[in-house]
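Biologist: Please take a close look at one part of this model for me. I would like to start with a single loop residue, and then see what else stands out.

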Amino acid sequence: MSAHRYGDYSRDVSGWFLGMTGAQLALVALSGMPALLALNAQAWGLFFGWLPVWALLAAVLLVPVRGRAAGRWFADLLLHAMGVLMGWTAFGSRAASGTADDLAEADLPGVLAGIRTHDGPPFGQLFDRPVIVQDSAARTWAAVARITHPGIGLAEPGERDRMGAGLAELCELTARTELIDTLAVHLRTVPDDGAERATWEHAHTRGDAPTLATHVNALLGAMLTPAAVRTEAFVTVVAGESRIARAAKEAGGGVDGRARVLHGVMAEVEAALRGPVGCTAVAWLDSAALAAAVRTGFAPGDRGQLVAADLAAASGQGLAAGVPMAAAGPTQARAEVRHYVHDAWASVTDTILLPDQGAVLGALAPVLVPTMAGERRCLTVFLAPLPLERATRMVGREEMSATTGNELRARMGFRQRARQRRDTERIGAADEKLATGRALVRLAVAACVTVPASWPVAEHGRRLSASVRAAGFVPLRLDLAQDAGFAAAAIPLGVGLPNRRGRR
């Protein structure tokens, strides 16, 4: 018995006519107007002279080069150069300069600059106060949970399929609430710092222990701890202001009203995570826990100190534990063309393109495996369920585009290729599933590798791309946007999927 292979997906943006979007079609048509006017006036010299120019402009607008058209590359290069000249690509924290007035206010770089955190009202049976994350730039509200899952590495194919079905049920649940914009699943493979082991040894070491046993235990710790890794998992629920504004007003308005609306959504998501998905623990983060998660995202080496301080404070020692939200970000950061430098660390981020042949559940596991001791890997999967009306409209547009393309190719005498037939079948299958109540979900995946800044970061970026290819996927480096890519892949705040007009 083999595991189920998932491959029922299509392009996020489908062109209106022969794969071209409306803007591309308009620009290509406008650039061809001189040739048509010359043809109408029988000015053959101008007509044949403009044809190469028209072909060049069409290639610049349509032909993708590493994920972007040449015209888009040129515009992005200009914007990046402008950002470097204006100093927008460099960041310095207020806490490092001594100008932080409120230590509870987040101070993060780049696309995270609009993040603000609020302590929400009590939630759950233990009356915890999960932190509510407000993104002023994207106009969203979010809550973050740390989850524990037994994994699927040793699971039987039937059990994997049940977990995959549970994830599908979770996506359908988020679509039915009509409140959730994005569900982000964030995974980290962090080098083990040995903080918990050192605390346990300190508490359980006996003075009369044999010298040989103590020596062997110390050797094992020194040899195995640098090669060991820890896995952390988070789930972020993101709700747009446009979706929850009315319900929040009915719940009292303000931050507390939005938090109460999120609490209802969080309870539904937690039930699905503990049930069909198979999580054994779901803990919604408060302000201190979220600040530690953000800080260790930017500086993996700080985790050992934070954990040691927490354990020492729990044992009764008078030590300050945790980190304020104002100091959770980097003290300084700089966005380079192909990597991102933050404090003493450097990161490279790749987006992951889905393969045409589909993939089994857990196929991305090789991406999280470090290639050497001291390397940190992160992976974030963004699941954005679409409302039924918009999903139906998108599938209808894709079906119309595919039908038009097939008819034009048939009239011109071209045979339909296997990929075109498969795409048409996928669109038909998506339409059938929507009719039966299934949800259409936008999917995006970002992977990141973080190493000390003194290491050859380009080489580790190449190893990350090799791991993605070994898993059967296609890596795409986020050149000129490494700071935004790092925020999406390594920081569990739900920032990642681009906000498109008409999401509602």
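**A loop residue and its wider setting**

Modeller: D343 sits in the loop that joins β12 (340–342) to β13 (345–353). Keep in mind that this is a predicted model. The backbone of D343 is the point to look at. Its phi is near 55°, a positive value, and D343 is not a glycine. Most residues other than glycine have a negative phi. Now check the cover around the side chain. D343 has a relative accessible area of 18%. Buried means under 20%, so D343 counts as buried.

A second loop residue can be read in the same way. L480 lies in the loop between β17 (474–477) and α16 (482–490). Its phi is near 70°, again a positive value in a residue other than glycine. The relative accessible area of L480 is 14%. That value is under the 20% cut-off, so L480 is buried too.

Next, turn to the surface. Here F48 makes a good contrast. F48 belongs to helix α3. Its relative accessible area is 54%. Exposed means over 50%, so F48 is exposed. F48 is also one of the residues in a nonpolar surface patch of about 880 Å². The other members are L27, L30, M33, L36, L37, L39, W44 and L51. Which helices build this patch? At least two residues each come from α1 (22–31), α2 (33–40) and α3 (44–62). The largest share is that of α2, with four residues.

Last, look at a pocket. The second largest pocket has a volume of about 310 Å³. It is lined by 15 residues, and those closest to its centre are R146, A292, R303, V307 and D310. Three elements each give two or more residues to this lining: β9 (229–240), α11 (287–298) and α12 (303–314). Of the elements, α11 gives the most, with five residues. What kinds of residue line this pocket? Seven are nonpolar, six are charged and two are polar.

Put the parts side by side. D343 is a buried loop residue with a positive phi. L480 is buried and has a positive phi as well. F48 is exposed and takes part in the nonpolar patch. The second largest pocket has charged residues as well as nonpolar ones in its lining.

Conventions
Residues numbered from 1 in each chain as written. Predicted model: local features only at pLDDT ≥ 70, side-chain atom pairs only at ≥ 80, totals over all residues. Heavy atoms only, no water. 1 Å grid on protein atoms, 1.4 Å probe; cavity = no way out; pocket = protein on both sides within 12 Å on 5 of 7 lines; lining within 4 Å. Points joined across faces, edges and corners; volume = space filled by probe spheres on them. Nonpolar A, V, L, I, M, F, W, Y, C, P; charged D, E, K, R; others polar. Buried < 20%, exposed > 50% of the residue type's maximum accessible area, 1.4 Å probe, protein only. Patch = residues over 30% accessible without salt bridge, like charges linked within 9 Å, V, L, I, M, F, W, Y side chains within 5 Å. Areas by Shrake-Rupley, 256 points an atom, 1.4 Å probe, with all protein chains shown as cover. Salt bridge = Lys/Arg side-chain N within 4 Å of Asp/Glu carboxyl O.
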